[in-house]
Amino acid sequence: MRSGALPRVLVGVLLFVAAIAAAVAYLRPLMFSGLNLYDEGIILYGAARVMRGDLPYRDFWTQYSPAQYYFLAALFSVTGKLVMAARWWDVLVRAALAVALYLL
């Protein structure tokens, strides 16, 4: 490992924590609001269909990637079909993406 790699990873971890904190502060009022039926509803319903055994693009059409449905279906099988679980998953994925782009 290079000598400068550890501080860069530490900065990435700190940015991840800061991104989560900023997302929570920004999204807190929205987290407890009503369901966004278009985008959020399509993804949640698609994940529920995947849990029942349907396959994206074969059993239902979608403009989103199938991995989103499979990850949410797995999350729902652990937590139950909770909108809040899906919203927290979204926050974590976006924060991780921001840190990955920074590190690149």
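Partly exposed covers the span between buried, under 20% relative accessible area, and exposed, over 50%. Tyr57 has 47% relative accessibility, so Tyr57 counts as partly exposed. Keep that scale in mind for what follows, and bear in mind that this is a predicted model. The protein has four helices and zero strands, and from the N terminus on its elements run α-α-α-α.

**The whole chain**

- Of the 104 residues in the protein, 27% are buried.
- Take the contacts with a separation of 6 or more: 56% of them are between residues 24 or more positions apart.
- The accessible surface comes to about 7200 Å², and carbon and sulfur atoms account for 71% of that surface.

**The nonpolar core**

- Six residues make up the largest nonpolar core: Ile43, Leu44, Ala47, Leu72, Phe76 and Ala86.
- Two elements give two or more residues to this core, namely helix H2 (39–51) and helix H3 (66–79).
- H2 gives the most, with three residues.

**Helix H3**

- H3 has 14 residues, so at 1.5 Å a residue it should span 20 Å. Its end C-alpha atoms are indeed 20 Å apart, which agrees.
- Tyr69, Leu72, Ala73 and Phe76 are the buried residues of H3. They sit on the same side of H3, because they cover an arc of only 105° around the axis.
- H2 and helix H4 (83–103) are among the elements that cover those buried H3 residues.
- Two of the buried H3 residues turn up in the core list too, with Leu72 and Phe76 named in both places.
- Right after H3 comes Gly80, with a positive phi near 90°.

**Helix H4**

- H4 is 21 residues in length. From its first C-alpha to its last it reaches 31 Å, close to the 30 Å expected at 1.5 Å a residue.
- The buried residues in H4 are Ala85, Ala86, Arg87, Val91, Ala95 and Val99.
- Ala86 belongs to the largest nonpolar core as well.

**A polar contact between H2 and H4**

- Glu40 lies in helix H2. Is Glu40 buried or exposed? Its relative accessibility is 18%, so Glu40 counts as buried; the cut-off for buried is under 20%.
- The side chain of Glu40 makes a polar contact with the side chain of Arg87, at 2.8 Å.
- Arg87, the partner in that contact, is itself one of the buried residues in H4.

**The loop between H2 and H3**

- Tyr57 is in this loop. Its phi is positive, near 75°, and Tyr57 is a residue other than glycine.
- Trp61 is found in the loop between H2 and H3 as well. With a relative accessible area of 67%, Trp61 is exposed, since the cut-off for exposed is over 50%.
- How far apart in space are Trp61 and Gly46? From C-alpha to C-alpha, Trp61 and Gly46 are 9.4 Å apart, while in sequence they are 15 residues apart.

Terms used
Residues are numbered from 1 along each chain as its sequence is written. This is a predicted model: local features need pLDDT of at least 70, side-chain atom pairs count only at pLDDT 80 or more; totals for chains, interfaces and linings use all residues. Side-chain values use heavy atoms; hydrogens and water are left out. A nonpolar core is a set of buried Ala, Val, Leu, Ile, Met, Phe, Trp, Tyr and Cys residues joined through side-chain atoms within 4.5 Å. Buried means under 20% relative accessible area, exposed over 50%, partly exposed in between (1.4 Å probe, protein chains only). The expected span of a helix is 1.5 Å times one less than its number of residues. The arc is that of the directions from the helix axis to the C-beta atoms. Contact means heavy atoms within 4.5 Å. Accessible areas come from the Shrake-Rupley method with a 1.4 Å probe; for residues, only the protein chains shown count as cover. A polar contact is a pair of N or O atoms within 3.5 Å; within protein, one must be able to donate a hydrogen and the other to accept it, and residues adjacent in sequence count only if both atoms are side-chain atoms.
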